[in-house]
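Me: I would like to go through the labels attached to this model one at a time, with the reasoning behind each.

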Amino acid sequence: MKNIILIGFMGVGKGSVAREVIKHSDYIAIDTDDLIESMQNKRIKKIFEEDGEAYFRKLEHDVALWLESSVKNTLISTGGGFYKQKNLKKIGIVVLLDSPFDKIIKRIKNHPNADRKLKKRPLLNDLEKAKELYNERRPEYLALADIVIDVTKKSALECSNELLKKVKKHA
C-alpha cells in the first residue's frame, strides 16, 4: 500500500472522504493542517493572522519533507495549498477531489457547522478572491493528480469507494 494524498480546494470534503476511507480500508489517516496546528500549538487561522501565509507555507514544506521520509501506508488529507510542495509525487499517489467552486461554497454553507467551517478557513472570507484562487489552483490540481474524483453529487462514502477502487487499479 502506497500513501494516498488527497488534494483539492478548501471545503471540497477531503476530511469527510478520508474518514470514510479509513472506515473501509487498512489505511490510517493524517491531516497536514492538523499536524501543523499541533506543531505550532495554534489554529491555522491564528498562524495566518500572527505569522502570515509565507510562514504557514514554510510549515507545510517541513511537513512534506517529514511525510516523504517517515510516513507509509497512510491517507494524507492536505490543506488547499499543500499541492505546491515539490516532493508531492514522492510522498504517494495524488488524488484530486474535484467540484465546481459554487458547489463547494454551497456545500459548506449547508453544513450544520457552516459558521465554524467558514471561520476555520481564512481564505474564504472574501468569496471573490476565493473564486480567483480556485480558478488559479484548479488547472494545477488537475495537472498534478494521478486520479480525479468528482465529488459534486456523491456522498463521502461513494467518493471513498471510488477512490479505493481507482487507487487499487493505479498501484
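Me: Why is Glu50 called partly exposed?
Reply: The model is a predicted one, and in it Glu50 has a relative accessible area of 48%. Buried means under 20% and exposed means over 50%, so at 48% Glu50 is partly exposed. Glu50 lies in helix H3. Its C-alpha atom is separated by 27 Å from that of Leu88, a residue 38 places away along the chain.

Me: What makes Asp34 buried, exposed or partly exposed?
Reply: The relative accessible area of Asp34 is 45%. That value is between the cut-offs of 20% and 50%, so Asp34 counts as partly exposed. Asp34 is placed in helix H2. Between the C-alpha atoms of Asp34 and Gly79 there are 9.4 Å, with 45 residues separating the two along the chain.

Me: Why is Ser77 called buried?
Reply: Ser77 has 2% relative accessibility. Buried requires a value under 20%, therefore Ser77 is buried. Ser77 is found in strand E3.

Me: Which residues does Ser77 touch, leaving out those up to four places away in sequence?
Reply: They are Leu6, Lys14, Gly15, Ala18, Ile30, Asp31 and Thr32.

Me: Asp98 is a charged residue by type; how do you know whether Asp98 is buried or exposed?
Reply: From its relative accessible area, which is 10%. The cut-off for buried is under 20%, so Asp98 is buried. Asp98 lies in strand E4, residues 93–98. Not counting residues up to four places away in sequence, Asp98 touches Val12, Tyr134, Arg138, Leu142, Val148, Ile149, Asp150, Val151 and Thr152.

Me: What makes the phi of Asn41 worth a remark?
Reply: Phi of Asn41 is positive, at about 55 degrees, although Asn41 is not a glycine. Asn41 is in the loop between helix H2 (32–40) and helix H3 (44–51). With a relative accessible area of 72%, Asn41 is over the 50% cut-off and therefore exposed.

Me: And where does Asn73 lie, and why is Asn73 called partly exposed?
Reply: Asn73 is in the loop between helix H4 (53–70) and strand E3 (74–77). Its relative accessibility is 35%, which is neither under 20% nor over 50%, so Asn73 is partly exposed. Phi of Asn73 is also positive, near 55 degrees, in a residue other than glycine.

Me: How do you know that helices H1 and H9 meet?
Reply: Contact means heavy atoms within 4.5 Å. On the H1 side the residues that meet H9 are Ser16, Val17, Glu20 and Val21, and on the H9 side they are Ala156, Leu157, Cys159, Ser160, Leu163 and Leu164. The residues of this contact divide into seven nonpolar, two polar and one charged. H1 (residues 14–23) and H9 (residues 156–170) pack at an angle of about 65 degrees, with their axes 8 Å apart.

Me: Is the crossing of H1 and H9 left-handed or right-handed?
Reply: H1 passes H9 in a right-handed crossing. A clockwise turn by less than a right angle is what that label calls for.

Me: Which residues line the second largest pocket, and what is its volume?
Reply: The lining consists of Val12, Ser99, Lys103, Ile104, Lys106, Arg107, Asn110, Val151, Thr152, Lys153 and Lys154. The pocket has a volume of about 190 Å³.

Me: How do the residues of that lining divide by type?
Reply: Three are nonpolar, three polar and five charged. Lys and Arg count as charged, so Lys103, Lys106, Arg107, Lys153 and Lys154 make up the five.

Technical notes. Residues numbered from 1 in each chain as written. Predicted model: local features only at pLDDT ≥ 70, side-chain atom pairs only at ≥ 80, totals over all residues. Heavy atoms only, no water. Axes fitted to C-alpha atoms, helices over the stretch in contact; angles between N-to-C directions. Helix = DSSP H or I, 4+ residues; strand = E, 2+ residues; numbered from the N terminus. 1 Å grid on protein atoms, 1.4 Å probe; cavity = no way out; pocket = protein on both sides within 12 Å on 5 of 7 lines; lining within 4 Å. Points joined across faces, edges and corners; volume = space filled by probe spheres on them. Buried < 20%, exposed > 50% of the residue type's maximum accessible area, 1.4 Å probe, protein only.
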